[in-house]
Amino acid sequence: MVDLRWVQMMARYNAWQNESIYAAADKLDDEVRRADKGAFFKSIHGTLSHILWADKVWLARLTGQPANFGTIAQSPMFVEDWETLKSERQKMDGEITAWAAAIQDDELSGDFVFFSHAQNAEIRTNRSLCITHVFNHQTHHRGQVHVLLTASGVKPNDTDLPFMPAG
């Protein structure tokens with residue numbers, strides 16, 4: 001069951017994990033971060049750019065803002081510059097954390113309607129399902145990045161939720 005504490009915990013987890021992943025990726029040179037390693041979004045940089053893009057799209061949808069950030073195919077190049085990507089990631093994590101801190105119980109349930117460019121259709125589904133998807137999507141793709149980082153010789157910190165520092 002999605003509740004306020006869960007959303008806030010997952011926002012904290014997201015920020016904690018992004019800090020670890022980006023710190024590890026920062027130890028690599030740009031050529032390694034951009035190398036096509038066969039991942040769905042090709043590279044470490046492309047996958048991290050996609051995650052940021054998706055977070056921006058979903059947070060805009062969830063807050064009723066326009067979600068015009070390009071297409072999923074463009075998402076690996078959403079932010080081209082590494083330093084800008086790191087800065088935008090930190091900013092987005094702050095926005096997600098602020099959204100999670102301000103969300104109300106009635107915003108966690110009921111119908112949710114949005115337009116999916118990937119499906120080229122209006123989608124009507126459960127709001128809590130979409131909120132869960134935001135955090136699941138981040139974790140899924142960060143897991144891919146974790147593998148790519150490890151294969152590149154750098155190791156992010158633990159990913160286990162019980163090891164997250166108290167916040």
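Here is a short back-and-forth about rings, pockets and burial in this predicted model.

User: What makes Trp58 and Phe114 an aromatic pair?

Analyst: Their ring centres are 5.0 Å apart, and the cut-off for pairing is 6.5 Å, so the two rings qualify. A search of the whole structure turns up 7 aromatic pairs, to put that in context.

User: And why is the Trp58 and Phe114 pair called edge-to-face?

Analyst: That's down to the angle. The planes sit at 65° to each other, and anything over 60 degrees counts as edge-to-face, so the label follows.

User: Which parts of the chain does that pair tie together?

Analyst: Trp58 is in helix α3, residues 44-62, while Phe114 is in strand β1, residues 111-116, so the pair links parts that are 56 residues apart in sequence. Phe112 joins in too: with Trp58 and Phe114, Phe112 makes up one aromatic cluster.

User: Are Trp58 and Phe114 buried or exposed, and how do you know?

Analyst: Buried. Trp58 has 11% relative accessibility, and Phe114 also comes out at 11%. The limit for buried is under 20%, so both residues fall on the buried side.

User: What makes you say that Arg61 lies over the face of Trp58?

Analyst: Arg61 is 4.5 Å from the ring centre. The test asks for CZ of Arg within 6 Å of the centre and within 35 degrees of the ring normal, so 4.5 Å passes the distance part. Arg61 is listed as lying over the face, so the angle part is satisfied as well.

User: Which ring does Arg33 lie over?

Analyst: The ring of Trp82, with Arg33 at 4.2 Å from its centre. That is within the 6 Å limit, so the distance part of the test is passed here too.

User: Where does Arg33 sit, and is Arg33 buried or exposed?

Analyst: Arg33 belongs to helix α2, residues 30-34. Its relative accessible area is 6%, and buried means under 20%, so Arg33 is buried.

User: What does the side chain of Arg33 reach, and what makes that a polar contact?

Analyst: The side chain reaches the backbone oxygen of Leu28 at 2.4 Å. Polar contacts need a pair of N or O atoms within 3.5 Å, so 2.4 Å meets the distance criterion.

User: Which residues lie nearest the centre of the largest pocket?

Analyst: Trp53, Trp58, Arg61, Ser116 and Ala118, out of a lining of 21 residues. The pocket holds about 490 Å³ of space. Helix α3 gives the largest share of the lining, 6 residues, and α3, β1 and α5 (127-151) each supply at least two. By class, the lining has 11 nonpolar, 9 polar and 1 charged.

User: How does the lining of the second largest pocket divide by class?

Analyst: Into 3 nonpolar, 2 polar and 5 charged residues. Asp, Glu, Lys and Arg count as charged, so Glu19, Asp26, Lys86, Arg89 and Asp93 of the lining go in that class. The volume is about 160 Å³. Here α1 (4-25) brings the largest share, 5 residues, and both α1 and α4 (82-102) supply at least two.

User: Why is there talk of a cavity as well as pockets?

Analyst: A cavity is space where the probe fits but cannot get out, while a pocket is open, so the two are kept apart. The structure holds 1 cavity of 30 Å³ or more, and the largest cavity has a volume of about 50 Å³.

User: What lines the largest cavity?

Analyst: Asp55, Trp58, Leu59, Leu62, Ile96, Trp99, Ile131, Val134 and Phe135. The class count is 8 nonpolar, no polar and 1 charged; Asp counts as charged, so Asp55 is the charged one. The largest share, 4 residues, comes from α3, with α3, α4 and α5 each supplying at least two.

User: What makes Val147 and Gly167 exposed?

Analyst: Val147, in helix α5, has a relative accessible area of 55%. Gly167, in the segment after α5, has 93%. Exposed means over 50%, so both residues make the cut.

User: How far is Gly167 from Tyr13?

Analyst: Their C-alpha atoms are separated by 9.9 Å, although the two residues are 154 residues apart along the chain.

Note on methods. Residues are numbered from 1 along each chain as its sequence is written. This is a predicted model: local features need pLDDT of at least 70, side-chain atom pairs count only at pLDDT 80 or more; totals for chains, interfaces and linings use all residues. Side-chain values use heavy atoms; hydrogens and water are left out. Rings of Phe, Tyr and Trp (its six-membered ring) pair if their centres lie within 6.5 Å; planes under 30 degrees apart count as stacked, over 60 as edge-to-face and the rest as tilted. Buried means under 20% relative accessible area, exposed over 50%, partly exposed in between (1.4 Å probe, protein chains only). On a 1 Å grid over the protein atoms alone, a cavity is a set of points where a 1.4 Å probe fits but cannot get out, and a pocket is an open set with protein on both sides within 12 Å along at least five of seven lines; lining residues have an atom within 4 Å of a point. Grid points are joined across faces, edges and corners, and a volume is the space filled by probe spheres set on the points. A polar contact is a pair of N or O atoms within 3.5 Å; within protein, one must be able to donate a hydrogen and the other to accept it, and residues adjacent in sequence count only if both atoms are side-chain atoms.
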